[in-house]
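Subject: Handing over a structure, with notes

Dear colleague,

I am passing a structure on to you, and I would be glad if you could look through it before reading my notes. The sequence and the coordinates come first, and the notes come after.

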Amino acid sequence: MAEKEENEIIEHHVSEEMEKKRSRTRDSHSFLQSDTFSEKEGRSSTQSSHRLLAYSDALISIIATVMILPVAHTKIEPDQELQESLQQLLTTKIAVYLMTFLIVTVAWAAHIRLFQVIERIDDFLALLNLACMMLITFLPYTFSLMATFPEVPLGILLFCACAIVIGLIQAVIVIYGFGHPYLLNDCIQISENQTFYKRHILKIILRVPAFCFFAGIFSFIFFPLSYVLLAVVIFLPYITQSLKWCGNKLAGRQEELPESMLLYSYHPSEPLSKERVEAFTDGVYAIVATLLILDICEDNVPDRNEVKERYQGSLVAALSEFGPEFLAYFGSFVTVGLLWFVHHSLFLHVTKATRFMGLLNTFSLACIGGLPLAYQLTHEFTKNSRNELEAIQISCVIIFFAGIFQLAIWVTALFNERETLHPYVRYGGREHAFMFAKLALYPCVTLTTFFLTCILSKFSAQIFHLMQIIVPFAFLALRVLVSVALALLRLVFCPAKPTDNALEEDESRLPFNDVLS
């Protein structure tokens with residue numbers, strides 16, 4: 001009898017849950033179908049935001065990358081020690097480039113998150129976005145002023161003013177979007193907590209203008225504190241989340257993300273648009289590859305009179321003088337192209353990009369942006385000089401960090417592989433080993449090249465150029481080498497395991513987190 005009553009109670013609860021689901025479905029349909037005339041008219045005047053976002057990504061990638069030009073075009077005299085010049089670069093132009101790249105990519109990440117909430121646009125939003133892009137493209141100039149005149153508050157004031165106006169424009173976009181719900185994504189449209197979403201997003205957006213307002217005030221009182229506040233604007237979200245994570249681990253609590261946090265937060269696992277990450281990355285790689293040819297077109301086209309007088313009209317003889325420049329160009333272009341190829345292969349296997357993966361990608365792209373500087377340095381000095389050796393080692397360091405941050409993206413994806421990676425590249429499979437070998441190739445090769453140039457300094461240029469020639473062939477032979485290595489490992493450690501069960505073995509492998517635990 002008690003069992004019968006218990007079954008009736010369970011059936012009653014199930015029927016209640018089913019009725020609630022039907023009610024929510026009817027409410028969502030009625031919400032979507034009960035537009036007023038003005039809403040239907042406004043909906044018909046909207047358009048997809050894809051082209052606007054593509055334009056914004058292209059604009060931001062260009063403005064983030066071209067700041068390397070003042071660094072790459074710094075003239076270093078042949079008789080001047082590279083170490084002294086490098087110290088000057090690190091204190092001024094390289095610092096400006098890195099800070100500008102980081103600030104611009106932070107603004108780009110905020111733009112991604114904003115337009116993950118607002119999925120459709122109209123003319124008003126398009127014009128607001130253009131105003132926001134204009135101010136973002138002006139940010140590098142303010143950083144140049146801050147680097148050139150660090151004791152004058154004008155540079156900080158201009159930057160703070162731009163950041164405040166950008167934040168206010170984004171706040172207007174949010175208010176306008178929630179005032180016209182058909183512009184929002186579907187999850188928020190049918191949500192009963194639109195007011196909470198709006199307040200939550202505005203609180204995060206207006207945090208930056210508030211910090212910049214105080215930084216502008218302190219520029220008149222004690223300007224070093226202004227720089228501290230600007231650094232807080234960049235790194236506070238990551239510091240806060242790291243402290244929360246450590247506190248939860250020490251207290252033994254399991255962190256649970258509210259539903260709103262999944263759309264607009266500073267959490268490392270917050271999803272970023274994978275398509276926009278790829279578009280921005282492609283833009284940076286394309287611009288860097290294009291910047292490499294600018295110096296060839298500008299500096300390595302011989303003068304007509306010089307060809308006629310010095311080389312007796314032989315253009316081939318005149319161009320032969322620029323052999324090292326052409327060799328450095330082709331080697332640098334191959335390096336940029338192969339690093340893009342590795343990034344392309346990585347994101348083919350990624351199903352969802354997160355905020356932390358986007359941060360690592362930003363660091364990798366900042367190193368990629370430094371390759372025009374590496375190209376300039378590798379052919380700037382006389383052969384077998386100390387300056388040439390140091391320039392080649394700097395190039396190895398830049399390429400190493402560009403590759404190591406790509407590898408860090410892969411490791412980060414493995415820690416949450418069920419959500420971020422396709423099943424066939426998760427921990428333990430053949431494609432996983434192949435992808436890991438691809439990502440580890442450039443860090444290993446450049447690290448080896450760096451130490452070889454330290455030991456065999458007289459042959460540093462030959463070693464570096466040999467590395468650039470060998471790497472493309474290594475990529476071509478990589479799949480064969482990985483297959484042979486895996487076959488040998490299976491032969492040594494699992495000689496009795498039949499090969500027919502390879503598919504079952506691949507499907508039954510443990511996730512990366514389970515293996516670690």
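What follows is a description of what was found, going from the whole chain to its parts.

Please keep in mind throughout that this is a predicted model. The chain has 24 helices and four strands, and of its 517 residues 45% are buried. When contacts between residues at least 6 apart in sequence are considered, 80% of them join residues at least 24 apart. The surface that the chain exposes comes to about 27,900 Å², with carbon and sulfur atoms supplying 66% of that area.

Turning to the interior, the largest nonpolar core is made of 113 residues, and those with the most contacts inside it are Leu-125, Ile-136, Phe-159, Phe-178, Leu-346, Leu-371 and Trp-410. Helix H6, which covers residues 93-117, gives this core its largest share, namely 13 residues. Another core, of five residues, lies apart from it, and Ala-433, Phe-434, Leu-478 and Val-482 are among its members. To take one residue of the largest core as an example, Leu-371 is in contact with Val-288, Leu-292, Val-336, Leu-339, Ile-398 and Ile-399, once its neighbours within four places in sequence are left aside.

Helix H19 also deserves a look, and two separate checks can be made on it. Its 30 residues, 386-415, should span 44 Å at 1.5 Å a residue, and this agrees with the 43 Å that separates its end C-alpha atoms. Because 21 of the 30 residues of H19 are buried, the helix is largely enclosed by the rest of the structure.

Another residue to look at is His-349, which lies in helix H16 (residues 323-349). With a relative accessible area of 12%, His-349 counts as buried, because buried means under 20%. Not counting residues up to four places away in sequence, His-349 touches Thr-420, Leu-421, His-422, Tyr-424, Val-425 and Met-435.

The structure holds three salt bridges, and they can be taken in turn. In one of them Asp-57 pairs with Arg-276, the closest N and O atoms being 2.6 Å apart. Since Asp-57 lies in helix H3 (residues 50-65) and Arg-276 in helix H13 (residues 274-299), this pair ties together parts that are 219 residues apart in sequence. Both Asp-57 and Arg-276 are buried.

In another, the side chains of Lys-274 and Glu-278 meet at 3.9 Å, N to O; both residues lie in helix H13, four residues apart, which is about one turn of the helix. Lys-274 counts as buried at 18% relative accessibility, whereas Glu-278, at 26%, is partly exposed.

There is also a salt bridge between Glu-419 and Lys-352, with the closest N and O atoms 3.2 Å apart. This pair links distant parts of the chain, with Glu-419 in helix H20 (residues 417-420) and Lys-352 in the loop between H16 and strand E4 (353-354), 67 residues apart. Glu-419 is partly exposed at 45% relative accessibility, and Lys-352 is partly exposed at 24%.

On the surface, finally, there is a nonpolar patch of about 820 Å², made by Phe-213, Phe-214, Ile-217, Phe-220, Ile-221, Phe-222, Leu-225 and Val-228. The elements that give two or more residues to this patch are helix H11 (207-221) and helix H12 (223-251), and the largest share, five residues, comes from H11. Phe-222 is found in the loop between H11 and H12.

With best wishes

Definitions and conventions. Residues are numbered from 1 along each chain as its sequence is written. This is a predicted model: local features need pLDDT of at least 70, side-chain atom pairs count only at pLDDT 80 or more; totals for chains, interfaces and linings use all residues. Side-chain values use heavy atoms; hydrogens and water are left out. Patches are made of residues with over 30% relative accessible area and no salt bridge: like charges are joined within 9 Å, nonpolar side chains (Val, Leu, Ile, Met, Phe, Trp, Tyr) within 5 Å. Accessible areas come from the Shrake-Rupley method with a 1.4 Å probe; for residues, only the protein chains shown count as cover. A salt bridge is a side-chain nitrogen of Lys or Arg within 4 Å of a carboxyl oxygen of Asp or Glu. The expected span of a helix is 1.5 Å times one less than its number of residues. Buried means under 20% relative accessible area, exposed over 50%, partly exposed in between (1.4 Å probe, protein chains only). A nonpolar core is a set of buried Ala, Val, Leu, Ile, Met, Phe, Trp, Tyr and Cys residues joined through side-chain atoms within 4.5 Å. Contact means heavy atoms within 4.5 Å.
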